[in-house]
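Visitor: I have a model open and would like to go through it with you. Can we take it piece by piece?

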Amino acid sequence: MSAATGKKAVLQLDGKEIELPIYSGTLGPDVIDVKDVLASGHFTFDPGFMATAACESKITFIDGDKGVLLHRGYPIDQLATQADYLETCYLLLNGELPNAEQKTEFDAKVRNHTMVHDQVSRFFNGFRRDAHPMAIMVGVVGALSAFYHNGLDIEDVNHREITAIRLIAKIPTLAAWSYKYTVGQPFIYPRNDLGYAENFLHMMFATPADRDYKVNPVLSRAMDRIFTLHADHEQNASTSTVRLAGSTGANPYACISAGISALWGPAHGGANEAVLKMLDEIGSVENVAEFMEKVKRKEVKLMGFGHRVYKNFDPRAKVMKQTCDEVLEALGINDPQLQLAMELERIALSDPYFVERKLYPNVDFYSGIILKAIGIPTEMFTVIFALARTVGWISHWLEMHSGPYKIGRPRQLYTGSTQRDIKR
């Protein structure tokens, strides 16, 4: 639990004073408990919840001013370079990194649940061939609740834990199938002899005609890092959506589907897709200098640089840049669009205008380039984001259900009509 500081904030209302307790976490700013404001007949007003702590959590901490991102206390760059994604999943779920025995057991549990019920594959036929993969994911992930009637008791800790494993294991299968369906290729079933990221790429790109298809280890390592770097990001819009849906007692599959829906919004999960769209609009390397001048004049937006949360630098970007360089070197790609992206990066890191404003390339800039280089289409970018973030969502859902919680009920500042009568 958070600790009372002994300090109080005093709010003066209508000639009366209301004392509001102040609490401290282990990191981050103190928070003022405003619950007693309600008893005075007032609400607080905070559009976007920018200054509101809606929950107490031990999972992830962000300090945007200092460029810090910690999962259970561990810096994100250490996790991305010294642990794999499933170790990060174990950490988020359990609070500690696994030892060798725990890792072996956890990896085996995930492998044993990668298959989905054969009837789930028939759900895909209900979608048009040109359906957006995120539309498919919203539907089929929510539909998983129809297959686990005996495991949906949210009060049962065993049900909650096996559901977390099922989601982490099955989302890659559903994600790869959403791609296969839209390109008209047969589904590739998971192979439990492969690693997590390797298995996903195999389901994405293998075909029955190419039985000897093997995933490039550089690409599987890059994908594993992308998963790790996107695993959780504190109380963002989609995570808050999962918590809000979960506060009603909704089943976890419905809650994760709600999170996917929130992530689908271009202001949240579509940033790396927006980077490639920007590159398309720039056209060629020759146009980069002119484009950057337009950015300075605020005539166009520079996508993939700077971050809403990180006012200094995105701590995930350094690892992602290193991974990007490794992928491009391994594939030997000579893509004009990628050359364009590298020229954008060069200018942003050397031009005083961008350096002074700390408009550094962020994780979305590099992840978009990596995914394109691997051969993943832009409409799948947000699906991969959802795949990676599933563990963060379910970790927060588990944390909420492990203790007392209240149903979410935000208030409003009503500015509509006052009461009026119908007159005929």
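**Salt bridges and other details**

Guide: The structure holds 19 salt bridges. Keep in mind that this is a predicted model.

Visitor: Which residue does Glu 399 meet in a salt bridge?

Guide: The side chain of Glu 399 meets that of Arg 243, at 2.6 Å from N to O. The pair links distant parts of the chain, with Glu 399 in helix 17 (residues 381-401) and Arg 243 in helix 9 (residues 237-246), 156 residues apart.

Visitor: Is Glu 399 buried or exposed? And what about Arg 243?

Guide: Glu 399 counts as buried because its relative accessibility is 18%, and the cut-off for buried is under 20%. Arg 243 is buried too, with a relative accessible area of 9%.

Visitor: Which residue does Arg 191 pair with?

Guide: Arg 191 forms a salt bridge with Asp 193, and their closest N and O atoms are 2.7 Å apart. Arg 191 counts as partly exposed at 31% relative accessibility, while Asp 193 counts as exposed at 57%.

Visitor: And what does Arg 297 do?

Guide: The side chain of Arg 297 meets that of Glu 299 in a salt bridge, 2.8 Å from N to O. Arg 297 is partly exposed at 47% relative accessibility, and Glu 299 is partly exposed with a relative accessible area of 48%.

Visitor: Which residues are linked in a network of salt bridges?

Guide: Asp 84, Lys 103 and Asp 107 are linked in such a network.

Visitor: New topic. Where does UniProt place the feature "active site"?

Guide: The UniProt record, an unreviewed entry, places "active site" at His 307 and Asp 364. These positions are spread over 58 residues of sequence but cluster in space, the largest C-alpha distance being 9.5 Å. From this set, the lining of the largest cavity takes in His 307.

Visitor: Where does His 307 lie?

Guide: His 307 lies in the loop between helix 12 and helix 13. His 307 is partly exposed, with a relative accessible area of 22%. Leaving aside neighbours within four places in sequence, His 307 is in contact with His 233, Asp 314 and Arg 316.

Visitor: And where is Asp 364?

Guide: Asp 364 lies in helix 16. Its contacts, leaving aside neighbours within four places in sequence, are with His 230, Ala 271, Asn 272 and Val 275.

Visitor: Why does Asp 364 count as buried?

Guide: Its relative accessibility is 11%, and buried means under 20%.

Visitor: How far away is the nearest side chain of opposite charge to Asp 364?

Guide: That side chain is Arg 316, 5.6 Å away from Asp 364, which is buried yet has no salt bridge. A salt bridge needs a nitrogen-to-oxygen distance within 4 Å, so a pair at 5.6 Å is not counted. Arg 316 also appears among the contacts of His 307.

Visitor: On to helix 14. How many residues has helix 14?

Guide: Helix 14 (residues 336-350) has 15 residues. Its reach from first C-alpha to last is 21 Å, close to the 21 Å expected at 1.5 Å a residue.

Visitor: Which residues of helix 14 are buried?

Guide: They are Gln 337, Leu 338, Leu 340, Ala 341, Leu 344, Glu 345, Ile 347 and Ala 348.

Visitor: What do the buried residues of helix 14 pack against?

Guide: They pack against helix 11 (271-282), helix 12 (288-296), helix 13 (317-331), helix 15 (352-356) and helix 16 (363-374). Helix 16 is the one in which Asp 364 lies.

Visitor: What about Thr 173, where is that found?

Guide: Thr 173 is found in helix 6 (residues 157-183). Thr 173 is buried, with a relative accessible area of 0%. Not counting residues up to four places away in sequence, Thr 173 touches Thr 114, Pro 190 and Met 203.

Visitor: Last topic, backbone angles. What is the phi of Phe 49?

Guide: Phe 49 has a positive phi of about 55° although it is not a glycine. Phe 49 lies in the loop between strand 3 (31-32) and strand 4 (60-63), and is exposed with a relative accessible area of 52%.

Visitor: And the phi of Arg 72?

Guide: Arg 72, also not a glycine, has a positive phi of about 55°. Arg 72 is found in the loop between strand 5 (68-71) and strand 6 (74-75). With a relative accessible area of 23%, Arg 72 is partly exposed.

Terms used:
Residues numbered from 1 in each chain as written. Predicted model: local features only at pLDDT ≥ 70, side-chain atom pairs only at ≥ 80, totals over all residues. Heavy atoms only, no water. Helix = DSSP H or I, 4+ residues; strand = E, 2+ residues; numbered from the N terminus. Expected span 1.5 Å × (residues − 1). Buried < 20%, exposed > 50% of the residue type's maximum accessible area, 1.4 Å probe, protein only. Contact = heavy atoms within 4.5 Å. Lys, Arg positive; Asp, Glu negative; His and termini not counted. UniProt positions renumbered as here; feature names shortened; annotations may be inferred. 1 Å grid on protein atoms, 1.4 Å probe; cavity = no way out; pocket = protein on both sides within 12 Å on 5 of 7 lines; lining within 4 Å.
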